Amino acid sequence: MASSAAGIMRMGRQTAPTLVGWAQRRAMATATLHTERLPDLDYDYGELEPAISGEIMKLHHQKHHQTYVTNFNKALEQLESANDPQAIVALQSAINFNGGGHVNHSIFWKNLAPTSKGGGSPPEGNLAKAIEAQFGGLDKVIAKMNAAGAGVQGSGWVWLGLNKDLKRLTVETTANQDALVSKGLVPLLGIDVWEHAYYLQYKNVKPDYLKNIWKVVNWSDVAKRFDSA
Ligand SMILES: [Fe+2]
């Protein structure tokens with residue numbers, strides 16, 4: 001009994017400060033709630049034409065990406081006031097979808113560049129060597145990504161990613177707005193194969209969109225991600 005009482009006393013001494021600490025941390029987190037904002041593009045909407053129309057780029061950035069940012073911020077605010085595990089778990093789907101949408105599109109915009117700013121110019125340096133060694137050339141990895149992208153059923157992304165453990169480049173797809181980090185891979189190049197990315201211009205011919213997007217891929221950005229991974 002004595003030890004039990006001591007145990008309760010120990011618990012009592014430990015529990016009170018812990019709860020106070022939790023409340024303090026929560027209050028501080030609420031006061032400094034981090035929210036995301038729509039990133040600016042490094043180029044004008046029409047600068048990726050004719051590969052991607054300015055109309056698509058404007059809608060894609062101002063409407064679609066903005067909606068992911070808005071809904072991700074809403075979910076983060078709700079997470080702050082969620083006070084039981086069930087409420088927290090219920091928010092995971094919205095966080096994954098909208099947070100993933102924000103992460104994926106933020107990479108996608110940087111992965112693209114007008115031809116006047118280097119879009120479509122082949123990669124150089126370590127990335128070029130790795131592509132040659134692992135795929136047998138740039139044409140081969142492009143063909144592999146096009147086939148994988150064309151094969152995505154419904155909405156999703158096709159990626160050139162890096163498996164850091166194996167030190168290997170890999171072509172992967174993700175469904176909906178799942179981020180590549182969900183597969184333990186570093187995203188280097190992501191191509192959006194949701195219909196909203198091409199339908200206004202290419203209608204149902206996704207392979208033509210995939211064929212033309214390589215004219216505006218910013219390999220310099222992809223190579224930087226590879227070198228810093
Ligand atoms: Fe998109």
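Which residues of strand 1 lie on one side and which on the other, and are they buried or exposed? Keep that in mind while you get your bearings. This is a predicted model.

**Stop 1: the whole chain**

Show the chain as a cartoon. It has nine helices and three strands. Along the sequence the pattern runs α-α-α-α-α-α-β-β-β-α-α-α. Of the 229 residues, 41% count as buried. Switch on the surface: about 12,600 Å² is exposed, and carbon and sulfur atoms supply 56% of that area. Contacts reach far along the sequence. Among those between residues at least 6 apart, 69% join residues at least 24 apart.

**Stop 2: strand 1**

Select residues 156-163, which make up strand 1. Here is the reply to the opening question. Gly156, Val158, Leu160 and Leu162 lie on one side, and Trp157, Trp159, Gly161 and Asn163 lie on the other. Every one of these residues is buried, so both faces of the strand are covered. Eight of its eight residues are buried, and strand 1 is therefore largely enclosed by the rest of the structure.

**Stop 3: the partner strands**

Add residues 168-175, strand 2. Strand 1 pairs with strand 2 in the antiparallel sense, over eight bridges. Pick Trp159 and look across: Glu172 of strand 2 stands opposite. Now follow the chain from one strand to the other. The two form a hairpin with four residues between them. Stop at Lys167 in the turn, where phi is positive, at about 55°.

Next, add strand 3, residues 186-192. Strand 1 also pairs with strand 3 in the antiparallel sense, here over six bridges. Two pairs are good to label. Gly161 stands opposite Pro187, and Val158 has Ile191 as its bridge partner. Six of the seven residues of strand 3 are buried, so this strand too is largely enclosed by the rest of the structure.

**Stop 4: the iron ion**

Stay on strand 3 and select Asp192, which belongs to it. Then show the iron ion. Its coordinating residues are His60 (NE2), His105 (NE2), Asp192 (OD) and His196 (NE2), at 1.9 to 2.1 Å. What is the geometry of the site? The angles among the four donor atoms run from 91 to 139°, and the site is irregular. An upper limit of 135 degrees applies to a tetrahedral site, which is why a set of four donors with a wider angle does not count as one.

Along the chain the donors follow the spacing H-x44-H-x86-D-x3-H. His105 sits in helix 4 (residues 92-110), while His196 sits in the loop between strand 3 and helix 7 (199-202); the pair therefore ties together parts that are 91 residues apart in sequence.

Compare with the record. An unreviewed UniProt entry places the feature "binding site" at His60, His105, Asp192 and His196. These residues span 137 residues in sequence, yet no two of their C-alpha atoms are more than 12.3 Å apart, so they gather at one spot.

**Stop 5: around the ligands**

Colour the four ligands by accessibility. His105 is buried, at 0% relative accessible area. Asp192 is buried, also at 0%. His60 has 1% and counts as buried. His196, at 18%, counts as buried as well.

Centre on His60, in helix 2 (residues 54-81). Its contacts beyond four places in sequence include Phe108, Trp109 and Ala197, along with His105, Asp192 and His196. Move to Asp192 and apply the same filter. Its contacts include His60, His105, Phe108, Gly156, Trp157 and Tyr209. Gly156 and Trp157 take you back to strand 1, on its two opposite sides.

**Stop 6: out to Glu55**

Return to helix 2 and select Glu55. Is Glu55 buried or exposed? At 53% relative accessibility, Glu55 counts as exposed. Measure across to Gln201: the C-alpha atoms are 8.8 Å apart, although the two residues are 146 apart in sequence.

**Stop 7: helix 9**

Finish with residues 219-228, helix 9. Show the side chains of Trp219, Asp221, Val222, Ala223 and Phe226, which are buried. The buried residues of the helix pack against helix 4, helix 5 (125-135) and helix 6 (138-150). They also pack against strand 1, strand 2 and strand 3. Helix 4 also holds the iron ligand His105.

How values were computed: Residues are numbered from 1 along each chain as its sequence is written. This is a predicted model: local features need pLDDT of at least 70, side-chain atom pairs count only at pLDDT 80 or more; totals for chains, interfaces and linings use all residues. Side-chain values use heavy atoms; hydrogens and water are left out. Donors are N, O and S atoms within 2.8 Å of the metal (3.2 Å for Na, K and Ca); water is not among the atoms, so sites may look incomplete. Four donors count as tetrahedral if all angles lie between 85 and 135 degrees; four count as square planar and six as octahedral if opposite donors are over 155 degrees apart and all others between 65 and 115; anything else is irregular. Buried means under 20% relative accessible area, exposed over 50%, partly exposed in between (1.4 Å probe, protein chains only). Two strands pair if DSSP finds at least two bridges between them. Contact means heavy atoms within 4.5 Å. Accessible areas come from the Shrake-Rupley method with a 1.4 Å probe; for residues, only the protein chains shown count as cover. UniProt positions are given in the numbering used here, feature names are shortened, and annotations may be inferred rather than shown by experiment.
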